[in-house]
Protein chains: 2
Amino acid sequence: MKIAIVGTGMVGQTIASKLEELGHEVYMGTRNANETKSRTDVNQMTGKSFSDWHSENKGISVVNFSDLPSDCDVYFNATHGANSIDALNMVGDKLNGRILVDVANPLDFSNGMPPSLFVCNTDSLGEQIQRTFPEAHVVKSFNTMNCYLMVNPSLVQGDHNVFVSGNDESAKNTFTSLLKDIGWGENQILDLGDITSARATEMMLPIWLQLWGKHGHANFNFNINAAN
Amino acid sequence: MKIAIVGTGMVGQTIASKLEELGHEVYMGTRNANETKSRTDVNQMTGKSFSDWHSENKGISVVNFSDLPSDCDVYFNATHGANSIDALNMVGDKLNGRILVDVANPLDFSNGMPPSLFVCNTDSLGEQIQRTFPEAHVVKSFNTMNCYLMVNPSLVQGDHNVFVSGNDESAKNTFTSLLKDIGWGENQILDLGDITSARATEMMLPIWLQLWGKHGHANFNFNINAAN
């Protein structure tokens, strides 16, 4: 597939690398591509600079938001939640009729750590994005786990789940095929229903943060264990 | 132990029955004990009236809130979240210095189904209760599962977890011993830290509700699957 990643941070890099490794044609969008590609400051989370990362991932085209191809099969929103709508607005009309996989969370760091959510309970970031881009087919997923687990489910042994929310069945089917491509098993993928169910997964962030603190690492995931 | 259950609905009945079966001395508090005991209307969730339930559980003393013993080892808040503080106020000073296990969720049905939460994100019902009764040792738990699973963890096969939040270590230890008494395994019990972590478990309600709808039954639970 032809895939665009909106955002160039750790999450965007991790998803982009994996999808390119799987043979997809991958573009990465940023506000100022030349500035991003020349960055030599080390990302505290990944331990390397964007420039170093890109030199190891030369097959991925890093372009300005406005230069992303308009015919990608799937667009990923991998920006910080607080910046998502602004960034997606710079991608613009290209999103019309396209699949937009939103992996962001509405984290609010304005009161320090741990972050709270800037939207929750009766609305969600996924719904805000769907309302802002009504012609896009928004699929909310991946937001309940660390990015390394998104692209390598075998990092956690045994059963664990990835949730999927969205209004468009065809868009969810396409994303599900990508999930299987990555290595997610059919029985690990839980379709929660329409985009309003993004409220449910975004509101799992506080428990995720608690568990991250408790475990001291992010190699864990939620498994829904149900009686038959 | 001597145990008081505040609330006489399905959750209170289920916890009370189990603890009495395990040999504890169980009291149940309600606004008007005579009225509650004479109720013959069938509870839609349990399929029986309070009167019928009590005739099968004669060993449990049903009394007015104000007549609950003041020397119980553990008090359970099993009222609806919206009524919890009013009900606990009627229990009053007896809670000072005592363990108060809060199993309620701050469900807001004012906009119909599914319910939203009347407090979340930067506060929680567990914290509201702790602030209202600063001398009580509030332990938040059991609020991420159906009541039948609370008292019978074997209803769900395989690994699954019960979360515990609270400021007082001794209170959490006493509650943990009750959990083990009920049948919860040491490795199933996850202590999340202080009472502010009740935000995290209360905010799991939306995903619980989504999964309840998806499964069509409530015999499921969350398992945290972590890499070693």
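Begin by showing chain A and chain B together in this predicted model, and look at the region where they meet: between them, chain B and chain A bury about 2,900 Å², and 63% of that area lies on carbon and sulfur atoms. If you wonder what such a value is for, the accessible area lost when parts come together is often used to give the size of an interface. Now select Met203(B), Ile207(B) and Asn225(B), which lose the most area to chain A among the residues of chain B and together account for 20% of what that side buries.

Next, widen the selection to the whole contact, to which chain B gives 35 residues and chain A gives 35 residues. Do the copies meet through the same surface or through different ones? Since 100% of the interface residues of chain B are also interface residues in chain A, the copies meet through the same surface.

Stay with this contact and consider how the two chains touch. Between chain B and chain A there are zero salt bridges, while 15 residue pairs are in polar contact, counting pairs in which both residues have pLDDT 80 or more. To see which elements take part, colour β7 (116-117), β10 (189-193), α8 (198-202), α9 (205-215) and β11 (220-226) of chain B, each of which supplies at least two residues of the side that touches chain A. The largest share of that side, seven residues, comes from β11(B). Sorted by kind, the residues on the side of chain B that touches chain A are 18 nonpolar, 14 polar and three charged.

Now select strand β11 in both chains. Here β11 of chain A, residues 220-226, is joined to β11(B) by seven bridges, and the two strands run antiparallel. Which residue of β11(B) is the bridge partner of Asn223(A)? The partner is Asn223(B), and Asn223(B) is also the residue of chain B that comes closest to the rotation axis, with its C-alpha at 2.5 Å.

That axis deserves a step of its own. A turn of 180° with a shift of 0.0 Å along the axis lays chain B on chain A with an RMSD of 0.0 Å. The two copies are therefore related as by a two-fold rotation axis.

Leave the contact and go to Pro114(A), in the loop between β6 (107-108) and β7 (116-117) of chain A. The peptide bond that joins Met113(A) and Pro114(A) is cis, with omega about -10°. Then turn to Pro114(B), which sits in the loop between β6 (107-108) and β7 of chain B, and find there a cis peptide bond from Met113(B) to Pro114(B), with omega near -10°.

Select Asn121(A) next, in the loop between β7 and α5 (125-132) of chain A; its phi is near 75°, a positive value in a residue other than glycine.

In chain B, move to helix α5, residues 125-132, and pick out Gln128(B). Leaving aside residues up to four places away in sequence, Gln128(B) touches Ile85(B), Phe118(B), Val119(B) and Asp123(B).

For the last stop, search for salt bridges, of which the whole structure has 22 over all chains. One of them is formed by Asp102(A) and Lys140(A), whose closest N and O atoms are 2.7 Å apart. This pair links distant parts of the chain, 38 residues apart, with Asp102(A) in strand β5 (residues 99-102) and Lys140(A) in strand β8 (residues 137-141) of chain A. In general, side chains of opposite charge can pair when their charged atoms come close.

Note on methods: Residues are numbered from 1 along each chain as its sequence is written. Chains are lettered from A and ligands numbered from 1 in the order in which they are written. This is a predicted model: local features need pLDDT of at least 70, side-chain atom pairs count only at pLDDT 80 or more; totals for chains, interfaces and linings use all residues. Side-chain values use heavy atoms; hydrogens and water are left out. Copies are superposed by least squares on the C-alpha atoms of residues with pLDDT of at least 70 in both. Contact means heavy atoms within 4.5 Å. Buried area is the accessible area (1.4 Å probe) that two parts lose on being put together, summed over both. A salt bridge is a side-chain nitrogen of Lys or Arg within 4 Å of a carboxyl oxygen of Asp or Glu. A polar contact is a pair of N or O atoms within 3.5 Å; within protein, one must be able to donate a hydrogen and the other to accept it, and residues adjacent in sequence count only if both atoms are side-chain atoms. Helices (H or I, at least four residues) and strands (E, at least two) are DSSP runs, numbered from the N terminus. Ala, Val, Leu, Ile, Met, Phe, Trp, Tyr, Cys and Pro count as nonpolar, Asp, Glu, Lys and Arg as charged, and the others, Gly among them, as polar. Two strands pair if DSSP finds at least two bridges between them.
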